[in-house]
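User: Could you take one part of this model and walk me through it closely? I'd like to know what surrounds it and how it ties into the rest.

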Amino acid sequence: MQKPNISIESLGALSVLNGHGESLQLASLWKSQTAVLVFVRHFG
Amino acid sequence: MAELAEQKHRFKEKNTQLAVIGSGDPAYFKEFREKTGYDGLLFSDPSLAAFSLLGFARGITGMMSIRSVFNAVSAFRQGHRQGSVQGSTLQLGGAIVINVSGAVRYYFASAKAGDHPTVDELIRALDRSLRRTE
């Protein structure tokens with residue numbers, strides 16, 4: 001699939017939840033080092 | 001996921017941050033870790049906002065064949081019967097590499113269920129990205 005025109009600002013502003021249900025802003029993952037983000041279909 | 005779990009150290013060796021993001025309830029993280037052996041960063045995007053923004057397909061429009069549709073429906077039904085699948089079974093995944101400047105150096109969107117980049121492919125993408133920033 002072709003890469004869409006990704007807005008990094010919008011992506012980085014999104015939050016995800018950790019195992020404790022706490023929010024983490026995505027941008028923090030690539031703030032200090034290159035990040036590899038793997039999106040999986042489901043946990044199972 | 002098993003390959004990623006076994007070779008997680010390769011990302012650390014490259015001084016990169018590896019994170020796995022799903023869409024299910026974080027309450028199932030423990031079960032996921034036990035099943036896959038993955039003990040790294042793990043998050044959930046229950047709203048699917050990041051999946052959507054990245055263009056990771058959802059529903060039958062993202063399925064490339066009748067067989068994939070059949071498999072997805074079958075998995076969906078099985079997941080609900082067994083209660084073991086957390087997250088959307090019709091949601092497809094993908095992978096991205098982003099450097100500290102916020103530049104996306106690698107993009108992969110699954111075209112069908114089970115379609116994912118190998119660890120070797122991700123490492124090659126990292127090497128290319130790191131070379132560009134040297």
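Analyst: **Neighbours of one residue**

Leaving out residues up to four places away in sequence, Arg33(B) touches Tyr38(B), Asp39(B), Gly40(B) and Leu42(B), where contact means heavy atoms within 4.5 Å. Before going on: this is a predicted model, with local features needing pLDDT of at least 70, side-chain atom pairs counting only at pLDDT 80 or more, and totals for chains, interfaces and linings using all residues. For bookkeeping, residues are numbered from 1 along each chain as its sequence is written, chains are lettered from A and ligands numbered from 1 in the order in which they are written, and side-chain values use heavy atoms, with hydrogens and water left out.

Back to Arg33(B): it sits in helix H3 of chain B. Helices (H or I, at least four residues) and strands (E, at least two) are DSSP runs, numbered from the N terminus. With 28% relative accessibility, Arg33(B) counts as partly exposed; on this scale buried means under 20% relative accessible area, exposed over 50%, and partly exposed in between (1.4 Å probe, protein chains only). Its C-alpha lies 10.0 Å from that of Met1(B), although 32 residues separate the two in sequence.

Just before that helix comes the loop between E1 and H3 of chain B, and Ser23(B) is in it. Ser23(B) is buried, at a relative accessible area of 10%. Phe51(B) is 28 residues away along the chain, with 8.8 Å between the C-alpha atoms of the pair.

**The wider fold**

Zooming out, chain B carries six helices and four strands, in the order α-α-β-α-β-α-α-β-β-α. It has 134 residues, and 46% of them count as buried. For contacts in chain B between residues at least 6 apart in sequence, 52% link residues at least 24 apart. Chain A has one helix and three strands, running α-β-β-β. Its 44 residues are 45% buried, and its C-alpha atoms fill a box of roughly 35 × 30 × 20 Å along the principal axes.

**Where the chains meet**

On the contact count, 57 residues of chain B meet 32 residues of chain A. Together they bury about 4000 Å², 69% of it on carbon and sulfur atoms; buried area is the accessible area (1.4 Å probe) that two parts lose on being put together, summed over both. The rule finds zero salt bridges across this interface, a salt bridge being a side-chain nitrogen of Lys or Arg within 4 Å of a carboxyl oxygen of Asp or Glu. Eleven residue pairs are in polar contact between the chains, both residues at pLDDT 80 or more. That term covers a pair of N or O atoms within 3.5 Å; within protein, one must be able to donate a hydrogen and the other to accept it, and residues adjacent in sequence count only if both atoms are side-chain atoms.

Helix H3 (29–36) is among the elements of chain B that each supply at least two residues to the side touching chain A. E1(B) gives the most to that side, with six residues.

**Strand E3 of chain B**

E3(B) pairs with strand E3 (residues 35–39) of chain A in the antiparallel sense, over five bridges; two strands pair if DSSP finds at least two bridges between them. Across this pairing, Ala35(A) is opposite Ile98(B) and Leu37(A) is opposite Ile96(B). Within chain B, E3(B) is also antiparallel to E4(B), again over five bridges, and Gly94(B) has Ala109(B) as its bridge partner there. Five residues separate the strands of that hairpin, where Gly102(B) takes a positive phi near 85 degrees.

Because five of the five residues of E3(B) are buried, the strand is largely enclosed by the rest of the structure. Gly94(B), Ile96(B) and Ile98(B) point one way, Ala95(B) and Val97(B) the other, and all are buried.

After E4(B) comes the loop leading to H6, which holds Ser110(B). Ser110(B) is buried at 6% relative accessible area and touches Leu92(B), Gly93(B), Gly94(B) and Asp115(B), again skipping residues up to four places away in sequence. A polar atom of its side chain lies 2.5 Å from the backbone oxygen of Asp115(B).
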